[in-house]
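Reader: I should like to examine how the descriptive terms applied to this model are justified. Please show it, and we shall then take the terms one at a time.

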Amino acid sequence: MWRAITRIPKTLDSLGQGVAVLPQQFQHSQLYNNNHNICSKTNYLSLHNQASLIRPKYRMSSAKPKVVFVLGGPGAGKGTQCSKIVERFQFEHLSAGDLLREERSREGSEYGQLIEEYIRNGKIVPVEVTCSLLENAMKNSGKSRFLIDGFPRNQDNLDGWNRQMSDKTEMQFVLFFDCAEDVCVKRCLGRGQSGSGRSDDNMESLKKRIQTYNNDSLPIIKYFENAGQVKRIDASPDADKVFQEVERVFLANGFQ
Ligand SMILES: Nc1ncnc2c1ncn2[C@@H]1O[C@H](COP(=O)(O)OP(=O)(O)OP(=O)(O)O)[C@@H](O)[C@H]1O
Ligand SMILES: O=c1ccn([C@@H]2O[C@H](COP(=O)(O)O)[C@@H](O)[C@H]2O)c(=O)[nH]1
């Protein structure tokens, strides 16, 4: 008989952080949903047995995922350096801009047009969209170290992250690529000329992106700086030279 109502033990009940490694069928089960954390004994035993199969992976990811925010002006070299960090350290690179561009191009996306409008005008997409894309990408990656590139870039982003993600992750530091405006512009235009295909690698969009960066993103970097969380990197030298500094920061912060 389906009599016994069993409260799921804490270890299974708190799979919030381990959800990245859970097979799809678990994600809507009582194991996943903390709001419905009771189930019949039969169901519990069956789910418990299935959970045992994935236990090694779950153990590995039971700590909160580590997050490094990567910020800097448009074209400062964030993406370039993130690729190098991924090669050298075990991080997953999540570019908020790339995720938004992907969502924009996804057939049937209800946000496609809105995202294109924001990107072309150098404006910042509402955090509900961006944060959900980030959270999904984190869950789907199965990794535990993330470079979050180009986010949070305004107060709305920061507030949204704090509401949705800060309890589920451990922010390590902010990697800030400091680069003069004229250098940033030259790099973005160069990227456009070499066929980036980006609708915002042109002077008209760049003016707006820079304005948004100065008005909305710099205060966020300042906020993190006041909290002692910013690792500032001079982004003007060549990419390999910049990476020497980046590598030093990661090593000094315990990453191998
Ligand atoms: N240190 C560097 N010196 C010279 N060129 C660089 C350097 N770093 C990156 N670049 C070039 O500048 C352009 C912009 O770099 P990247 O895409 O890494 O910047 P980003 O900060 O991620 O830009 P965005 O914020 O617009 O996505 C690219 O064409 C890249 O090859
Ligand atoms: O968190 C974010 C990140 C990006 N955007 C929009 O995308 C473009 C391009 O971003 P890149 O980091 O340069 O790839 C940016 O100008 C914003 O319009 C965003 O809204 N929120």
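Author: Ligand 2 has 17 residues around it, and R101, K123, V125, R153 and R198 come nearest. The model is predicted: local features need pLDDT of at least 70, side-chain atom pairs count only at pLDDT 80 or more, and totals for chains, interfaces and linings use all residues. Residues are numbered from 1 along each chain as its sequence is written, chains are lettered from A and ligands numbered from 1 in the order in which they are written, and side-chain values use heavy atoms, with hydrogens and water left out.

Reader: What makes a residue count as near a molecule?

Author: One of its heavy atoms must lie within 4 Å of the molecule. R101 and K123 are among the residues that come nearest to ligand 2.

Reader: Why is the pair formed by K123 and ligand 2 called a polar contact?

Author: A polar contact is a pair of N or O atoms within 3.5 Å; within protein, one must be able to donate a hydrogen and the other to accept it, and residues adjacent in sequence count only if both atoms are side-chain atoms. A backbone N or O atom of K123 is 2.6 Å from an oxygen atom of ligand 2, so the pair meets the distance limit. For V125, a backbone N or O atom lies 2.7 Å from an oxygen atom of the ligand. In R209 the atom is an N or O of the side chain, 3.4 Å from an oxygen atom of ligand 2.

Reader: How much of ligand 2 does the protein cover?

Author: On its own, ligand 2 has 450 Å² of accessible area, of which the protein covers 96%. Such areas come from the Shrake-Rupley method with a 1.4 Å probe; for residues, only the protein chains shown count as cover.

Reader: Which class does each residue of the shell around ligand 2 fall into?

Author: The shell divides into seven nonpolar, four polar and six charged residues. Its largest share, four residues, comes from α5.

Reader: Why is L100 called buried?

Author: L100 is found in helix α5 (residues 96-105). Buried means under 20% relative accessible area, exposed over 50%, and partly exposed in between (1.4 Å probe, protein chains only). L100 has 9% relative accessibility, and therefore counts as buried.

Reader: Which polar backbone contacts does ligand 1 have?

Author: Backbone N or O atoms of G75 and G77 lie 3.1 Å and 3.0 Å, respectively, from an oxygen atom of ligand 1. A polar backbone atom of P237 is 2.8 Å from a nitrogen atom of this ligand.

Technical notes. Helices (H or I, at least four residues) and strands (E, at least two) are DSSP runs, numbered from the N terminus. Ala, Val, Leu, Ile, Met, Phe, Trp, Tyr, Cys and Pro count as nonpolar, Asp, Glu, Lys and Arg as charged, and the others, Gly among them, as polar.
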